[in-house]
Amino acid sequence: MSDSTDTVENAVETQHGCPVQNSLGQRVLHASRDQYVSVIKALADEGYEMCVDLTGVDYLEMPQRAIGFGIQPERFEVVVNLLSLSKRQRIRVRVQVPVEDATLATLFDIHPGTEAHERETFDMFGIVFTGHPDMTRILMPEDWDGHPLRKDYSQGSIPVQFKGAHS
Amino acid sequence: MTVISAGTAEGGQELLSRSELTAKELLREVGSVLRLSEAEAALLAEVETEAPEDQTMIINMGPQHPSTHGVLRLMLELQGETVLRCKPIIGYLHTGMEKTGEALTYMQGGTNVTRMDYLSPLNNELVFSMAVEKLLGIDGDIPERAVWMRMLLSELNRMSSHLLFLATNGMDLGAVSMMLYGWREREDVLRFFQKVTGLRMNHNFIRPGGLAADLPAGWRDDVLAILEGLPSRLEEYEILMTGQPIWRERLQGVGVITAQEAIALGATGPILRSTGIAWDLRRDMPYLRYDELDFDVIVGQYGDAYDRYSIRFNEIRESMRIVYQILERMPSGDFRIQNKKVTPPPRARIDESMEALIHHFKIFTEGFKVPEGEVYVAIESPRGEIGCYIVSDGSSNPYRMHVRAPSFVNIQTMPHMMRGGLVADAVAVISSVDPVLGEVDR
């Protein structure tokens with residue numbers, strides 16, 4: 001097994017202007033927020049026609065993690081998994097999203113199927129996807145306080161919130 | 001009601017009435033219901049942006065409705081009996097399983113993920129275990145017997161899941177006797193699972209490194225009994241349903257989706273295959289030893305509810321074919337990897353060795369550490385692509401554990417399939433998408 005941290009030592013390969021990382025044999029692109037939509041679009045044109053998954057990660061407890069490629073790690077990361085049915089390949093795009101401005105452009109216009117994923121990511125992490133047609137919560141009740149999958153949202157210490165309950 | 005917070009102003013999740021919408025917002029909403037971009041939605045000439053308000057009404061179907069397969073709520077805008085717009089509202093079964101997954105060790109994680117898609121628990125465990133094994137770098141060292149046992153269980157699980165689909169599909173469309181038959185046959189498979197794993201459901205049997213135990217004595221006869229009993233039963237179902245004009249009338253041409261739409265919406269599994277795209281991860285991106293087996297990928301043509309029914313029906317037969325091959329080729333050997341890091345010592349060793357006892361204690365209290373990294377692994381569950389994305393920070397708990405649930409994505413196709421159809425067909429559509437709400441909400 002190769003070293004799992006995989007900060008690539010060999011010459012940096014790029015695709016659509018993004019450094020390519022080999023994460024345990026899987027191809028990962030690190031896009032900046034500005035590149036994000038155009039990279040996904042370029043990949044879609046290249047044959048990655050299906051967006052199978054979009055999710056977030058809160059790296060609050062790993063602030064000094066090494067990404068490599070001179071990329072400044074931020075608190076949030078949005079991870080997009082793309083699939084090419086024709087080429088039978090997968091590719092993953094990771095984008096750093098700072099906590100001060102937790103916004104990212106939506107992929108709705110390229111992959112309408114990300115609608116629910118983006119709503120879920122918003123619901124769980126509070127990352128707002130600009131341009132999304134219906135940026136509401138999806139799993140939690142709409143009057144819920146906080147975003148549960150953030151690392152500073154502790155488990156078990158929050159009183160149970162019931163919608164419409166008499167108090 | 002207590003005001004909980006001011007920080008949540010993103011608004012309701014409901015379908016708004018048309019009078020509350022500006023024209024652009026309405027277009028957007030229709031777009032979002034169609035799950036198309038605004039530009040694409042505008043291109044669809046048949047989108048009625050000006051249905052008379054007094055002729056339509058918005059009603060709730062669910063969350064407690066027998067044909068919603070759990071707690072799914074659909075807001076339907078109806079004009080007479082025609083569905084104009086539909087919005088699925090989910091989250092009623094949300095229990096924060098991804099958050100729970102961060103607090104459980106890799107060893108305990110199986111008990112969590114197995115409860116997501118409760119109709120195919122073994123596939124959930126399999127994808128989780130494969131992701132952990134990939135992070136550990138032991139994915140190539142799993143003993144052959146463990147790999148083939150995993151395939152055996154996974155395929156039997158696919159059969160039980162599809163049998164339950166036949167049962168609920170029949171019930172939703174009025175073939176109530178089918179419900180009893182489907183549950184009965186599924187029970188045969190679950191009885192085998194109980195013999196092997198100790199539990200009918202939520203097994204936690206496939207674990208990182210292999211399986212929890214070896215197959216019990218007489219397992220081959222039990223599997224053969226299932227396989228030999230099933231074909232005649234399937235013939236009965238064909239007579240009961242497939243050939244019946246009423247059955248065909250209820251399903252053919254209902255809930256149509258095109259290949260382009262299915263890909264755009266990220267739909268996988270029988271929904272994608274019903275549109276004519278032969279995409280099955282078992283064949284196209286093989287995992288375990290599926291590349292050594294001989295089976296067909298069942299593909300539809302029209303993308304309607306009838307195709308999805310037929311695909312699942314015939315996938316039972318394909319799974320049976322696979323299980324026969326597995327029975328023939330099941331190797332002997334170990335059922336889990338002999339890697340001291342991941343595998344607890346055998347019970348007999350604990351009686352004679354202090355180190356084994358310590359090792360056993362440590363592995364069950366602290367778990368094993370997984371090197372830093374992130375990985376996405378996907379397999380074909382009965383409902384489509386189930387994926388597991390794990391980020392490890394080097395400790396014995398996942399830093400982030402995300403499950404890409406096929407039902408969660410597939411549910412987005414419902415508004416599209418229902419649009420312009422009848423309310424009665426909405427039931428057929430829900431049934432043919434075959435969502436498991438435990439997996440949708442996680």
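This is a short tour of a predicted model, moving from chain A to chain B.

**Stop 1: chain A as a whole**

Select chain A. Its secondary structure amounts to two helices and eight strands. Trace the chain from the N terminus and the elements come in the order β-β-β-α-β-β-β-β-α-β. Chain A has 167 residues, and 38% of them count as buried. Now think about contacts in chain A with a separation of 6 or more: 53% of these join residues 24 or more positions apart.

**Stop 2: a hairpin in chain A**

Select residues 76–84 of chain A, which are strand S5. Add residues 89–97, strand S6 of chain A. S5(A) and S6(A) pair in the antiparallel sense, over nine bridges. Find A:Ser84 and look across to its bridge partner, A:Gln89 in S6(A). The two strands form a hairpin, with four residues between them. Pick A:Arg88 in the turn; its phi is positive, about 55°.

Keep S6(A) on screen and add residues 26–31, strand S3 of chain A. In which sense do S3(A) and S6(A) pair, parallel or antiparallel? They pair in the parallel sense, over four bridges. Look for A:His30, which stands opposite A:Arg94 in S6(A).

**Stop 3: a sheet in chain B**

Move to chain B. Select strands S6, S7 and S8, which make an open sheet in the order S6-S7-S8 with antiparallel pairing. Which strands are at the edges? They are S6 (373–381) and S8 (398–404) of chain B, each pairing on one side only. Neighbouring strands of this sheet are turned by 15° against each other on average, direction ignored.

Zoom in on S6(B) and S7(B), residues 384–392. Nine bridges join these antiparallel strands. Show B:Tyr376 and, opposite, B:Tyr389 in S7(B).

Next, add residues 121–136 of chain B, helix H5. This helix lies across S6 and S7 of chain B, running at about 150° to S6(B).

**Stop 4: two helices in chain B**

Select helix H7 (176–197) of chain B. H7(B) has 22 residues and reaches 31 Å from first C-alpha to last, close to the expected 32 Å. Its buried residues include B:Met178, B:Gly182, B:Phe192 and B:Phe193. The buried residues of H7(B) pack against H6 and H8 of chain B. Step past the end of H7(B) to B:Gly198, where phi is positive, near 95°.

Go on to H8(B), residues 219–242. This helix has 24 residues and spans 32 Å between its first and last C-alpha, close to the expected 34 Å. Where is the kink in H8(B)? A kink of about 30° lies at B:Leu230, shortly before the proline B:Pro231.

Colour the buried residues of H8(B): B:Val223, B:Tyr237 and B:Met241. An α-helix has 3.6 residues a turn, so residues three or four places apart point the same way. The buried residues of H8(B) pack against several helices of chain B, among them H6 (144–172) and H13 (305–329).

**Stop 5: the nonpolar core**

Show both chains together. The largest nonpolar core has 147 residues. Those touching the most other members include A:Val78, A:Leu82 and A:Val93 from chain A, and B:Val127, B:Ile390 and B:Val429 from chain B. H6(B) supplies the largest share of this core, 13 residues.

Finish at B:Val429. Leaving out residues up to four places away in sequence, B:Val429 touches B:Val254, B:Gly255, B:Ala305, B:Met414, B:Met417 and B:Met418.

Definitions and conventions
Residues are numbered from 1 along each chain as its sequence is written. Chains are lettered from A and ligands numbered from 1 in the order in which they are written. This is a predicted model: local features need pLDDT of at least 70, side-chain atom pairs count only at pLDDT 80 or more; totals for chains, interfaces and linings use all residues. The expected span of a helix is 1.5 Å times one less than its number of residues. The bend at a residue is the angle between axes fitted to the seven residues ending there and the seven starting there. A residue is buried if 20 or more other C-beta atoms lie within 10 Å of its own, exposed if 12 or fewer, and partly exposed in between; C-beta atoms are placed from the backbone. Two residues are in contact if their C-beta atoms, placed from the backbone, lie within 7 Å. Two strands pair if DSSP finds at least two bridges between them. Axes are lines fitted to C-alpha atoms, for helices over the stretch in contact, and angles run from 0 to 180 degrees between N-to-C directions. A nonpolar core is a set of buried Ala, Val, Leu, Ile, Met, Phe, Trp, Tyr and Cys residues joined through C-beta atoms within 7 Å.
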